[in-house]
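User: I'd like to learn how to read disulfides in a model. Could you walk me through it?

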Amino acid sequence: MTYLRMNIWVFQSFLLLMKCSLLAAVQEKAETAIPVATESPPEGNTTFIDGTTWCVAHPGVSQIDLQNALDWACGLGMADCSAIQNGGPCFDPDTLLSHASYAFNVYYQQNGNSDIACNFGGTATLTKNNPSYDKCIYATSGSVGSSAPPLPKHSPSFIWWKLAGTLLLLYLGR
């Protein structure tokens with residue numbers, strides 16, 4: 001490649017990176033500006049009962065409602081339901097009531113132990129009785145983290161700018 005062609009190629013690459021960087025920044029800003037609608041339990045007051053509380057599935061509710069609430073807790077609710085998967089410490093007993101109780105409690109503990117975080121459309125209730133058994137330990141306040149996803153170490157636009165700067169330095173160093 002001739003020196004002129006190489007300079008043109010580096011300059012075009014730089015312009016392409018700049019364009020991608022701007023698009024990434026616009027997309028990043030757009031993603032933060034557009035609210036994402038998610039189904040959640042209805043809003044309510046925060047109440048704390050004396051001592052430690054757990055959120056469990058209410059016996060006697062509709063199996064369909066219970067399954068829908070369990071699916072929400074482990075899906076959009078972002079509860080860590082790995083313990084109720086086959087082979088997990090809370091898989092047995094393999095019942096909908098048991099699995100829903102575990103998932104509801106994880107969500108409840110992750111979301112501040114508020115009464116509304118233990119609603120699930122009326123399929124859940126608070127208890128002062130520790131539902132843990134054998135190797136299945138139900139979380140308590142402070143034993144689980146937030147359900148919010150972790151923030152990235154560097155934003156995509158920062159990475160693009162860093163790459164563009166490197167290319168510019170290479171171009172100027174020739």
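User: Numbering the bonded cysteines in sequence order, what is the pairing?

Analyst: Happy to help! Keep in mind that this is a predicted model. The pairing is 1-5, 2-3, 4-6, and a search of the whole structure finds 3 disulfides.

User: How do I recognise a disulfide, say that of Cys-55 and Cys-118?

Analyst: Look for two cysteine sulfur atoms within 2.5 Å. Here the sulfurs of Cys-55 and Cys-118 are 2.1 Å apart. Cys-55 sits in strand 1 and Cys-118 in the loop between helix 3 and strand 2, so the bond ties together parts 63 residues apart in sequence.

User: Which hand does each link have?

Analyst: Check the torsion about the S-S bond. For Cys-55 and Cys-118 it is about 90 degrees, so that disulfide is right-handed. Cys-90 and Cys-136, at about 105 degrees, are also joined by a right-handed disulfide. The link of Cys-74 and Cys-81 has -90 degrees and is left-handed.

User: Is Cys-74 buried or partly exposed, and what about Cys-81?

Analyst: Compare the relative accessible area with the cut-off: buried means under 20%. Cys-74 has 31%, so it is partly exposed, whereas Cys-81 is buried at 7%.

User: Where is Tyr-138, and what does its side chain reach?

Analyst: Tyr-138 lies in the loop between strand 2 and helix 4. With a relative accessible area of 5%, this tyrosine is buried. Its side chain reaches the backbone nitrogen of Tyr-102 at 3.4 Å, and its contacts beyond four places in sequence include Trp-54 and Asn-105.

Terms used. Residues are numbered from 1 along each chain as its sequence is written. This is a predicted model: local features need pLDDT of at least 70, side-chain atom pairs count only at pLDDT 80 or more; totals for chains, interfaces and linings use all residues. Side-chain values use heavy atoms; hydrogens and water are left out. Helices (H or I, at least four residues) and strands (E, at least two) are DSSP runs, numbered from the N terminus. Buried means under 20% relative accessible area, exposed over 50%, partly exposed in between (1.4 Å probe, protein chains only). Contact means heavy atoms within 4.5 Å. A polar contact is a pair of N or O atoms within 3.5 Å; within protein, one must be able to donate a hydrogen and the other to accept it, and residues adjacent in sequence count only if both atoms are side-chain atoms.
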